[in-house]
Amino acid sequence: MLTLQDREEISRGIAEGLESKAIAERIGRCPSIVSREIARHGGRDRYRAARADRTAQRARQRAKTRKIDADAYLRLVVVELLKQGWSPQQVAGRVPIDHPGDQHVRVSHEAIYGWIYALPKGELARQCLTLRSGRTRRKPAHGRAPRAPRIRGIRWIEERPADAVDRQVPGHWEGDLVVGKDGKTAVGTLVERVSRFVVLVPLAGRDAATVSEAVIDQVRGLPDVVRRSLMR
């Protein structure tokens, strides 16, 4: 998408007699974009940056009818193929084969996806359309016992004291882990829920034992009144 500044540079380039390629290099765009921009807005003799920008702004604001919505026959062809289980890519490739003489019966798979995603909620199911995802359906585990937690001696958040909920009593903390670039560094953070006081915990590693020992070292020196609970 060209900006007003880009269009002003194009206008200056035209005034200097530069070719589209040279203008494109000046604004860091593809030469074909510059050529289409000039042709779309009157050619080299009539191109004006401000007028071209206003025209482009109006065109972006105007609601556009999708090709599949505008052509009832094309929509019928696409929907029928989708109902047969064809993917949008297959539909786009099949349409020219089935309708070689009808040039208006042409559509890209991107346009089909865009039309599908623009349908109102529930319309896809109402028209009996199902897109293939390529994923294997997950089988429900009926009768299977719930998995036991892998953490020994786990404490659930529901077990926290009631005075930790409304942030009125100090001493309840929230812990988090911040990982650096490429996972090479890490630091722990402890935030007191009432005062929002932050304690940074330097970490030599990210395994549970290292993090636990580092957190214990940091909170060991705190008064008992502000060491009530810690949630990760």
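Colleague: How many bridges join β1 to strand β2?

Modeller: There are 7 bridges between β1 and strand β2 (residues 186-192), and the two run antiparallel. Two strands count as a pair if DSSP finds at least two bridges between them, so the 7 bridges of β1 and β2 meet that condition. One point along this pairing is Leu-177, which stands opposite Gly-188 in β2. The model is a predicted one, in which local features need pLDDT of at least 70 and side-chain atom pairs count only at pLDDT 80 or more, while totals for chains, interfaces and linings use all residues. Residues are numbered from 1 along each chain as its sequence is written, and side-chain values use heavy atoms, with hydrogens and water left out.

Colleague: In which sense do strand β1 and strand β4 pair?

Modeller: Strand β1 (residues 172-179) and strand β4 (residues 229-231) pair in the parallel sense, over 3 bridges. That count also satisfies the rule for a pair. Here Glu-174 stands opposite Met-231 in β4.

Colleague: Which residue takes a positive phi in the hairpin of β1 and β2?

Modeller: Asp-182 does, with a phi near 60°. The hairpin has 6 residues between its strands.

Colleague: How many helices and strands are in the chain?

Modeller: The chain has 11 helices and 4 strands. The names come from DSSP runs numbered from the N terminus: helices are H or I with at least four residues, strands are E with at least two.

Colleague: Why is His-41 called buried?

Modeller: Its relative accessibility is 12%. Buried means under 20% relative accessible area, exposed over 50%, and partly exposed in between (1.4 Å probe, protein chains only), so His-41 is classed as buried. His-41 lies in the loop between α3 and α4. Leaving out residues up to four places away in sequence, His-41 touches Arg-46, Tyr-47, Ala-52, Thr-55 and Ala-56; a contact means heavy atoms within 4.5 Å.

Colleague: What makes His-104 partly exposed?

Modeller: His-104 has a relative accessible area of 41%, a value between the two limits, and therefore falls in the middle class. This residue is in the loop between α8 and α9. Beyond residues up to four places away in sequence, His-104 touches Lys-67, Asp-71, Tyr-73 and Leu-74. Leu-74 is 30 residues apart from His-104 along the chain, and their C-alpha atoms are separated by 8.0 Å.

Colleague: Which residues of helix α8 are buried, and how do you know that they line one face?

Modeller: In α8 (residues 88-98) they are Pro-88, Val-91, Ala-92 and Val-95. Seen down the axis of α8, they fall within an arc of 100°, so they line one face of the helix. The arc is that of the directions from the helix axis to the C-beta atoms. These buried residues pack against α7 (72-83) and α9 (109-117).

Colleague: And which residues of α9 are buried?

Modeller: Ile-112, Trp-115 and Ile-116 are the buried residues of α9. Viewed down the axis of α9, they too fall within an arc of 100°, so they line one face. Their cover includes α6 (67-70), α7, α8 and α10 (123-126). The face turned away from the buried side carries the exposed residues Glu-110 and Tyr-117.

Colleague: What share of the chain is made up of buried residues?

Modeller: They make up 28% of the 232 residues. As for contacts with a separation of 6 or more, residues 24 or more positions apart account for 46% of them.
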